[in-house]
Amino acid sequence: MNAKTPRQKMPEQRPEDRKRNFDEVPLGYTPEVAVVEAGRCLQCKKPLCVEGCPVSINIPGFIKEIAEKNFIGAIKVIKESSSLPAVCGRVCPQESQCEAKCILGKKFEPVAIGKLEGFVADYEREVEHLPAPVPGVKKDKKVAIIGSGPAGLTVAGELANAGYSVTVFEALHTPGGVLVYGIPEFRLPKKIVTYEIDALAALGVEFVINRIVGLSESLGDIMKRFDAAFVATGAGLPSFLNIPGEELQGVYSANEYLTRVNLMKAYKFPEYDTPVIRGNSMAVFGAGNVAMDSARTAVRLGCDEVHLIYRRSRDEMPARAEESHHAEEEGVIFDLLTNPVRLLGDENGRLCGVECVKMELGEPDDSGRRRPVEIKGSEFIIKIDAAIVAIGNGSNPILQKTAPDLKCNKWGNIIADETTMKTSVKGVFAGGDIVTGAATVIEAMGAGRKAAKGMIDYLESGSW
Amino acid sequence: MHYIHSNDIIQPTLGKMVVDAPYVAEYRKPGQFIILRIDECGERMPLTISDADKTKGTITLFYQIVGTTTKKLAGMKAGERVKDIVGPLGHPTEVEKYGTVVCIGGGIGIAPLYPISKGMKEAGNKVINILGARAGNLFILEDEMSRIGDDNIVCTDDGSRGKKGFVTDMLRDVMAAEQVDLVVAIGPVPMMKAVSMQTKEKGIKTYVSLNSVMIDGTGMCGGCRVTVGGETKFTCVDGPEFDGHLVDFDNLGSRLKTYHVEEKESYTTYNHKCKLDGAVGDEC
Ligand SMILES: Cc1cc2nc3c(=O)[nH]c(=O)nc-3n(C[C@H](O)[C@H](O)[C@H](O)COP(=O)(O)OP(=O)(O)OC[C@H]3O[C@@H](n4cnc5c(N)ncnc54)[C@H](O)[C@@H]3O)c2cc1C
Ligand SMILES: Cc1cc2nc3c(=O)[nH]c(=O)nc-3n(C[C@H](O)[C@H](O)[C@H](O)COP(=O)(O)OP(=O)(O)OC[C@H]3O[C@@H](n4cnc5c(N)ncnc54)[C@H](O)[C@@H]3O)c2cc1C
Ligand code: SF4
Ligand code: SF4
Ligand code: FES
C-alpha cells in the first residue's frame with residue numbers, strides 16, 4: 001500500500017463531446033485502476049471515513065477486498081449497510097461525507113471511496129452477479145410502502161428479505177422517485193435504477209404503479225389492508241420565485257423541466273411524444289444540484305447560452321463541487337451575485353427576457369452566511385427564451401390531506417421518531433425527504449434502514 | 001395495461017373509448033379525470049372521466065382528435081391495451097342542492113359535463129342543460145343529456161341544429177326568464193371566459209373546468225399552474241374546477257399555446273412514421 005500514489009483520476013467524456021449526448025460523464029474505473037486506488041487506503045484501525053457515511057458502510061473492509069481483487073467480496077461488505085451502492089457511488093456528496101473525513105485528505109488527497117463503491121456495484125451488475133439473496137422465513141404479515149424513491153426501495157428490500165410480503169405504491173408510471181424523474185441520465189443511467197427495481201421484484205416485492213395514496217384510498221384505508229406502512233412520498237412540491245412573469249410560456253419549475261426530459265424522455269422528441277423547449281438562451285435560477293442538473297440538461301438539448309443565476313457568491317453554492325465544475329466545463333455561464341427581479345414576455349405571452357439586479361454581500365444572516373443585498377441602479381436585462389426555477393421543493397401534501405391524525409410540522413413534513421421512524425399513527429412509519437425536507441439519497445436510504453428495523457420490531461412484538 | 005373494450009370514432013374528430021380501469025371506476029366522482037399514457041413513447045394525457053361502470057370495472061372517455069396522442073388513441077382497436085391510466089385525479093365537483101343549476105357544455109366539454117349534470121339532478125336540483133357546438137353533426141351525448149335536464153337547449157353557431165347562436169345567447173335568455181343559482185360551464189377557453197363575464201355581472205356563482213397542460217397530475221411539477229384570484233393554483237390538485245369569476249383565462253389560453261411548434265412537428269413525424277410502417281403503435 002502506498003499513500004503517496006496519487007488519487008486515481010476518473011476518466012471522463014470530454015466536455016465538447018458530452019455536451020451533445022446524455023451518456024454518463026465518468027467512464028468508470030478499470031479493474032486495474034480500482035485496485036491501485038484501493039491500495040492507497042491505509043486501512044485505519046479507527047477509520048474516520050466510516051463516521052462520515054450516513055449508513056456507516058465498512059469502508060476499509062470493502063476497499064481491502066478490492067485491493068485483493070475480490071470484487072464480489074467487496075460488494076458483499078457494502079451490501080451489509082447499503083442497498084443502492086451503484087446509485088450512491090455516483091450521487092453521494094462524498095466530498096462532504098466519507099471522503100471529507102478520510103485521513104489521507106489531511107496531507108494528500110482522500111481515497112476515492114465513492115468511485116470505488118460505484119466500481120464494485122457496476123462490476124456486480126455487469127460482470128459477475130451476486131446470487132440473489134434468499135428471503136427469510138415467509139411471514140404472514142403485509143407491509144405497504146408509499147413512494148418508491150430511495151427511502152421506499154430500501155425498506156422494500158429489507159422487509160422482503162426478512163420474509164414479509166411487501167407492496168409498493170407509486171404515483172408515477174415508473175418506480176424510482178427522484179432517481180428516475182429528477183436526476184438526469186448523464187449522472188445516473190436509468191438502467192441502474194431499473195436493475196435495482198427488477199431485483200426487488202424478483203424478491204417478491206409487488207409494485208403498484210399509477211396509484212396515488214391519499215386521493216381515493218387514504219392512508220387509513222391502506223392500514224385496513226396492511227399490518228404496517230412506510231410513508232416515503234418525498235419532497236415533490238416546487239417552489240417558485242414569486243416574481244412578476246412566472247406565468248409566461250417558457251417558465252418551468254426544475255421538476256417539470258427534468259420530468260419532461262428524464263421520465264418522459266423529451267430529449268428523444270419527436271421519437272418520444274413529450275416536448276420540451278430547447279431554447280437558444282436560457283436562465284436557471286438557483287445553484288444546488290437541481291439547478292446544475294437543469295443547466296447541464298439545457299446544454300445537452302442544444303441551448304447555446306445557459307445562464308445560472310444565483311444571488312450569493314460561489315462559496316455559498318450548495319451544489320456538489322464536482323457538479324458545478326462539470327457545468328462550467330460544459331459552458332454554463334455563472335451569473336453570481338445576481339438576482340432576478342421580473343420575467344419579461346412578448347406580445348404572445350412568451351418569455352423573452354429576465355431583468356436582474358446585481359447583489360453584494362452584507363452582514364451575516366441567521367444561517368451565518370453573508371446576506372446578499374441589492375446594489376441600487378444595477379438592473380440589467382438578459383435575453384432568454386426559457387427559464388427554469390430551481391430554488392427548492394416543499395413537502396408533497398397529497399397523502400397528509402386525507403390523513404388528519406398524521407402529525408406534521410409547520411412546513412408540512414411528517415414528524416417521525418429519529419431512531420424508529422414511527423409517526424403519530426400506530427403502525428405507520430415515515431422517512432426520507434417527506435420527513436427531513438429535501439436532503440440526499442443516502443440520508444433517505446439511512447432513514448429507510450432505521451425504519452425497516454423499527455418496523456420489524458413492531459411487527460414481531462406488536463407493541464407500539 | 002388496460003384492456004380496451006371498445007373504441008369508436010363517432011364523429012370525424014371525436015372518439016369514444018371504453019377501457020378497463022377498475023380502481024378508477026370504483027372511486028371516481030363527477031368532475032374528476034385520469035391521465036393516460038398509450039405506450040412507452042407516449043405523452044401523459046389528461047382526459048375527463050365521462051362515465052364509469054363499477055361492476056364491469058370500465059370507464060368511458062371522449063376525446064377530440066387534435067394532435068399526436070389523440071390520433072394514436074383513435075388508431076387503437078378493441079382488444080388492444082393502453083399502457084398506463086392513473087386516477088381518479090382532481091377535486092370532484094361540489095355536488096349539492098343549489099336550486100336551479102344551468103349546465104353549459106361546448107363541444108367536447110359536454111363529455112365532462114355529463115356526470116356533473118347527472119349528479120346535480122340526483123341531488124335534487126332543477127337542471128337546465130345548454131349544449132352548443134359549431135355545427136349540428138358535432139354533438140355528443142345529446143340523448144343522455146336530454147334525459148337528465150328539466151330543460152335542454154341545443155344551439156349551433158350556424159343554426160344547423162337547434163337554435164342558432166352561441167351558448168351565451170341561450171344563457172342570457174335563461175337568466176332573463178328565471179332565477180339561476182349556479183352555472184357550470186365546460187368548453188373551449190373563450191366560451192368559459194364569456195360565460196363567466198356574463199354571470200359575474202349578475203353575481204351568479206360559476207364553476208369552470210380548466211384544461212391546462214399537465215404532466216404528473218400530482219402537484220409535483222407546477223406545469224399546470226393557473227392564476228385564480230391573483231394566486232397561483234395547480235389545476236391538477238387544486239382544480240380542475242375553479243370559480244370562473246376569478247380565473248385568468250387569457251393566461252390559461254396563452255400557456256396552452258406553449259408547444260404549438262413542437263405539437264406540429266410531433267404530428268408530422270407521427271404521420272410520416274405511420275405511412276412508413278403502415279402500422280400504428282406496435283413499437284411506438
Ligand atoms: C434534480 C435532483 C438532483 C438531485 N441530486 C442529488 C445528488 O446528486 N445527490 C444526492 O444525494 N441527492 C440528490 N438529490 C436529492 C435526492 O434525490 C432526494 O433527497 C431523495 O431522492 C429522497 O428520497 P425519498 O425516497 O425520500 O423521495 P423521492 O425520491 O422524492 O421519492 C418519492 C416518491 O413517492 C411518490 N409519491 C409521492 N406521493 C405519493 C402518494 N401519495 N402515493 C404514492 N406515491 C407517492 C413520488 O412519485 C416519488 O416517486 C437530488 C434531487 C433532485 C430533485
Ligand atoms: C383535466 C383535463 C381534462 C381533459 N379532458 C378532456 C376530455 O375529456 N376530452 C378531450 O378531448 N380533451 C380533454 N382534455 C384535453 C386533452 O388532454 C388534450 O386535448 C390532449 O392532451 C391533446 O393531445 P394531443 O397530443 O392529441 O394534441 P397536441 O399535439 O398536444 O395538441 C394539439 C392541439 O391541442 C391543444 N392542446 C394541447 N394540450 C391541451 C390541453 N391540455 N387542453 C386543451 N387543448 C390542448 C394544443 O394547443 C393544440 O392546439 C383535458 C385536459 C385536462 C387538463
Ligand atoms: S454511501 Fe455515500 S457517504 Fe457512504 S461510503 Fe458510499 S459514497 Fe460515501
Ligand atoms: S480514512 Fe481513508 S485511509 Fe483510513 S480507512 Fe478510511 S478510506 Fe482508508
Ligand atoms: S400536472 Fe404537474 S403539478 Fe399539476
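Modeller: A polar contact is a pair of N or O atoms within 3.5 Å; within protein, one must be able to donate a hydrogen and the other to accept it, and residues adjacent in sequence count only if both atoms are side-chain atoms. This is a predicted model, in which local features need pLDDT of at least 70, side-chain atom pairs count only at pLDDT 80 or more, and totals for chains, interfaces and linings use all residues. Residues are numbered from 1 along each chain as its sequence is written, chains are lettered from A and ligands numbered from 1 in the order in which they are written, and side-chain values use heavy atoms, with hydrogens and water left out.

Colleague: Which residue has an N or O atom in its side chain 3.4 Å from an oxygen atom of ligand 2?

Modeller: Backbone atoms account for two other pairs: a polar one of Gly67(B) is 3.1 Å from a ligand oxygen, and one of Ser212(B) is 3.4 Å from a ligand nitrogen. The side chain in question belongs to His260(B).

Colleague: What are the bounds of the domains of chain B that each give at least three residues to the shell around ligand 2?

Modeller: An automatic or database domain assignment sets the bounds. For chain B it gives three domains, including domain 2 (93–208). The shell draws at least three residues from each of domain 1 (2–90) and domain 3 (210–277).

Colleague: How much area do domain 1 and domain 3 of chain B bury between them?

Modeller: Buried area is the accessible area (1.4 Å probe) that two parts lose on being put together, summed over both. Carbon and sulfur atoms carry 60% of it here. The total is about 1,000 Å².
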